[in-house]
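Dear colleague,

I am passing on the structure below, as agreed, together with some notes on what a reading of the model turned up. Please look through it before you read on.

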Amino acid sequence: MEIFSGILSGFQIILQPVNFLYCFIGVFIGTLIGVLPGIGPVGTMSILLPVTFGISPVTGVIMLAGIYYGAMYGGSTTSILVNIPGEAASVVTCLDGYQMAKQGRAGPALGISAMGSFIGGTFSLIGLMFLVYTLSEFALRFGPPEYFALMCLGITTVAYLARGSLLKATIMAVLGLILGCVGTDIISGKLRFDFGISGLADGIGLVPLAMGLFGISEVLTNIEKPLKRMIYETKIRNILPNGDDWKKSTGPIVRGSLIGFLLGILPGGGSILSSFVSYSVEKKISKHPETFGHGAIEGVAGPETANNAATGGAFVPLLALGIPSNVIMAILLGALLIHGVTPGPLMIREHPGIFWGVIASMYIGNAMLLLLNLPFIGLWVRLLKVPYGVLFPLILLFTLIGSYSNSNSVFDIFLMIFFGVVGYVLRKYGYEEAPLLLAFILGPMLEQAFRQSMVMSNGKLSIFFTRPISAIGLTLSIALFASTGLNVFRKTRNKVT
Amino acid sequence: MVLGISISIYSKTLKLGKLASPGPGLMPFLLGLTLSIFSVLVVARSLLSAQKEKGLHEEGIWFQVDIKKIVLVTGSLIMYALLLEKIGFVITTLVILLILFRAVGSQKWSSVLVSSILTVLFTYLVFVIILKVELPYGFLGRVGW
């Protein structure tokens with residue numbers, strides 16, 4: 001079996017000391033920023049992006065991936081203990097997790113969420129392995145029109161699922177596409193939008209853009225109001241859930257794994273959506289829905305499993321098709337592209353080391369996280385006492401050093417500050433950065449696919465609708481768009497009349 | 001009220017889209033067009049809702065925002081970028097940390113000083129010695145640091 005020899009070679013890669021170390025660093029930092037509110041996985045990954053340039057691509061991706069799923073573990077801790085989600089995917093966990101902590105059952109809540117995360121994460125990895133393998137064989141037959149359609153679908157769904165209004169999210173996506181056009185045109189070599197600034201000739205770097213939007217503007221958003229400190233009082237006893245807890249949680253964990261994995265595959269889905277869906281499913285099928293919101297362990301086990309299972313699912317489209325399904329995957333794609341590796345159907349063949357190495361690293365990483373989180377939970381909790389006043393200057397300093405070392409030019413620092421301030425203002429007005437960044441990374445690929453398709457069809461747009469897969473993709477994205485368009489129209493009409 | 005700033009950004013990008021040369025400019029042009037359509041929609045909507053709930057939003061978004069802090073932080077970041085290559089990593093970093101710790105963290109001067117120096121040493125160790133990142137030495141040269 002090719003899969004087995006593949007995963008074996010993957011384990012050989014991850015067991016090399018360097019990779020093992022970076023995997024540990026990744027999950028460690030992931031848990032850290034998951035616990036600390038104020039900076040999320042996207043910000044951290046973009047800050048650490050320049051660090052990966054100095055190491056081999058497989059090591060870099062192992063670390064970045066570790067941050068992602070590590071943050072999912074860490075995020076639950078603060079939700080449960082202090083009712084503040086460390087990152088967005090743990091918002092639901094607050095509902096019942098914090099109630100459990102108030103009833104003195106913080107230990108089992110933390111325990112079950114770590115166990116659930118581990119089970120969900122491992123399950124989705126197995127799914128990921130098999131699915132990517134089959135899907136990429138299939139995707140080898142895809143041409144530019146199919147890719148164009150799939151990327152369109154990806155961007156539309158991300159905009160569709162954005163928290164704010166669809167209109168604003170779409171504007172951000174289009175803005176991202178335009179920013180992606182800056183620099184030298186790939187086909188004709190002409191300079192576009194460079195305003196005569198030589199620093200822009202190679203386009204806007206992913207690093208300053210991502211760091212500005214997710215690092216600087218996040219810090220600015222956090223310091224704008226007087227700082228409030230939360231104090232955590234409860235003691236944690238009995239990390240291990242008892243038999244009764246297990247009996248109640250088995251169902252939610254199994255369902256959470258499935259929900260998380262499947263929703264993770266969908267573009268724009270990811271951890272946040274799957275944790276919400278899992279919670280509402282558990283509440284609906286529960287025999288005692290009234291206990292939800294009052295410390296039901298099912299309400300912690302399900303969503304926490306789902307958000308970790310989603311991390312595995314999210315890798316499927318990236319590894320099989322080369323199309324990221326959310327911002328975090330987009331940053332990983334960016335990191336791979338900078339290293340000259342193009343993810344996609346050919347990746348298993350051309351870079352088997354990276355493919356299997358990363359998958360194997362996630363098995364190891366999940367196990368590391370279990371060890372990091374269960375016995376040492378007290379240490380992480382103590383971290384909550386680190387005052388923001390110390391944290392934010394450090395984050396800012398890291399972004400400064402990171403953007404400078406990216407290309408050894410001050411220009412990137414200015415670029416980053418610019419995007420930071422712009423991102424901050426846009427945030428204030430309810431514009432989300434995620435669609436922008438995703439579109440920015442997909443932009444050049446999208447344009448290339450579009451123009452290649454035009455060459456193939458001698459300039460006939462119909463090529464997108466005569467090929468079945470691209471037709472389905474485009475129709476779906478148009479339908480998504482139209483449905484919300486109608487909704488908006490109806491709402492506005494209701495307001496007026 | 002909502003989109004004063006964004007409109008100006010948008011109209012600018014639109015113009016640029018039209019100016020681009022036909023071949024490589026096709027995509028930007030289409031995008032510029034889409035963008036302007038959507039921004040018109042947003043403006044229209046905000047105008048509609050503004051009529052309804054006049055004054056309600058006035059203080060909403062910027063309420064309680066510590067503008068001074070934002071400006072201070074942004075300003076010091078820009079200063080850092082300007083001075084980094086001239087003065088060198090160590091001194092510039094020390095200065096910006098002093099400002100940031102004091103302004104954002106609002107701690108006592110003594111602890112500000114200690115934490116700034118420690119941070120500089122730590123980042124120097126991690127980035128320059130372990131990760132071997134080339135940071136500017138400034139006028140002090142390699143001997144200075």
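The notes that follow cover the conventions, the nonpolar cores, a salt bridge and chain B.

This is a predicted model, in which local features need pLDDT of at least 70 and side-chain atom pairs count only at pLDDT 80 or more, while totals for chains, interfaces and linings use all residues. Residues are numbered from 1 along each chain as its sequence is written, chains are lettered from A and ligands numbered from 1 in the order in which they are written, and side-chain values use heavy atoms, with hydrogens and water left out.

The largest nonpolar core (buried Ala, Val, Leu, Ile, Met, Phe, Trp, Tyr and Cys residues joined through side-chain atoms within 4.5 Å) has 145 residues, and A:Leu128, A:Leu209, A:Phe315 and A:Leu437 touch the most other members. Beyond its neighbours within four places in sequence, A:Leu209 is in contact (heavy atoms within 4.5 Å) with residues including A:Leu179, A:Phe419 and A:Phe440.

Over all chains there is one salt bridge (a side-chain nitrogen of Lys or Arg within 4 Å of a carboxyl oxygen of Asp or Glu). A:Arg255 forms a salt bridge with A:Glu282, the closest N and O atoms lying 3.0 Å apart. A:Arg255 is partly exposed, at 30% relative accessible area, whereas A:Glu282 is buried, at 3% (buried is under 20%, exposed over 50%, partly exposed in between, with a 1.4 Å probe and protein chains only).

Chain B has six helices and zero strands (DSSP runs, H or I of at least four residues for helices and E of at least two for strands, numbered from the N terminus), and buried residues make up 37% of its 145 residues.

With best regards
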